[in-house]
Amino acid sequence: MSHVFHFFLPDAQPGARGTVRRVCEQDAKRMERVLRLRPGDEVEVADGDGRIWMARVVGGGEVELIESLVEPRPAPALVVRLALTGPRSDTAIEKLVELGVEDISPLETAAIKREPRTVRWQRIAEAAACQAKRPRIPRIGASVALADALAPGAILLSHEQPDGSLDDAIARSTQPIALLIGPEAGFLPEEHEAARAAGVPIATLGDLVLRTETAAIAAAVLALDRLGALAR
């Protein structure tokens with residue numbers, strides 16, 4: 001059985017059987033210039049509702065929606081805020097999206113104040129969503145200062161002076177859960193104090209000291225599992 005490529009419609013409009021729609025611009029270029037798909041080739045297309053359709057290539061980046069394959073499912077009640085820049089952040093974004101995280105944003109801390117790579121992250125997120133056949137393109141949000149991220153549902157991930165395990169923190173947390181990850185240099189003592197003052201738990205994944213991108217991936221897997229999002 002040949003591989004069926006996966007694309008996205010560009011807006012929040014739901015699909016409808018028999019309609020001809022243009023896929024998002026990045027997908028249109030990939031369809032025409034990279035994959036060289038021809039009219040009549042079958043593909044999968046996710047619409048703005050998260051419904052996945054079997055579709056037929058028409059040409060010029062357009063497809064005809066033939067049959068609904070997967071009905072919409074709610075996004076997991078999980079946000080990942082990541083204090084990481086550089087190439088390793090690209091790896092984290094790719095893997096988080098493949099796993100099913102749909103809401104990611106840069107986290108600004110005392111150690112991370114450089115310009116976030118949000119435009120690049122969005123491109124990586126879309127490519128990863130296509131590869132993993134996700135129902136929606138994840139949202140890469142604007143940079144959030146740590147002080148603003150210390151809100152109900154937030155969990156600060158740190159191996160320094162944690163209150164307990166991430167599993168316990170998730171069990172006690174309200175939803176949506178917001179995992180605050182990084183940075184490589186760690187959170188400052190005053191950042192730990194601010195978290196505790198805001199009632200935000202400080203949690204650990206165990207005795208190992210993980211790189212930020214590894215911690216983000218491991219924490220997201222645990223959170224998605226506890227939310228029941230990996231069993232869909």
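The buried residues of helix α7 pack against quite a list of partners: strands β6 (78-82), β10 (154-157) and β12 (177-181), plus helices α2 (87-99) and α5 (166-172). Keep in mind that this is a predicted model, and let's start the walk at that helix.

Which residues of α7 are buried? They are T212, E213, A215, A216, A219, A220, L222, A223 and L224. Some background helps in reading that pattern: an α-helix has 3.6 residues a turn, so residues three or four places apart point the same way. As for its length, α7 covers residues 212-226, and at 1.5 Å a residue its 15 residues should span 21 Å. The C-alpha atoms at its two ends are indeed 21 Å apart, so expectation and model agree. Just past the helix, G228 adopts a positive phi of about 80°.

Next, over to strand β3, residues 42-46. Here 4 of the 5 residues are buried, so the strand is mostly covered, given that buried means under 20% relative accessible area. What does β3 pair with? With strand β1 (residues 6-8) it pairs in the parallel sense, over 3 bridges, and V45 is the β3 bridge partner of F7. With strand β4 (residues 52-59), β3 runs antiparallel, joined by 5 bridges; there V43 has A55 as its bridge partner. β3 and β4 make up a hairpin with 5 residues in between, and G50 in the turn shows a positive phi of about 90°.

F7 also leads us to D27, since D27 is in contact with F7, F8, E126 and C130 once neighbours within four places in sequence are set aside. D27 sits in helix α1, residues 25-34. Does D27 count as buried or exposed, and what is the nearest side chain of opposite charge? D27 is buried, and that nearest side chain is R30, 4.2 Å away. D27 has no salt bridge, because the cut-off for one is 4 Å between a side-chain nitrogen of Lys or Arg and a carboxyl oxygen of Asp or Glu.

Our last stop is E108, another acidic residue, found in strand β7 (residues 103-108). At a relative accessible area of 34%, E108 is partly exposed. In sequence, E108 and S143 are 35 residues apart, yet their C-alpha atoms are 6.5 Å apart in space. S143 is also among the contacts of E108 beyond four places in sequence, along with K113, V144, A145 and L146.

How values were computed:
Residues numbered from 1 in each chain as written. Predicted model: local features only at pLDDT ≥ 70, side-chain atom pairs only at ≥ 80, totals over all residues. Heavy atoms only, no water. Buried < 20%, exposed > 50% of the residue type's maximum accessible area, 1.4 Å probe, protein only. Contact = heavy atoms within 4.5 Å. Expected span 1.5 Å × (residues − 1). Pairing = 2+ DSSP bridges.
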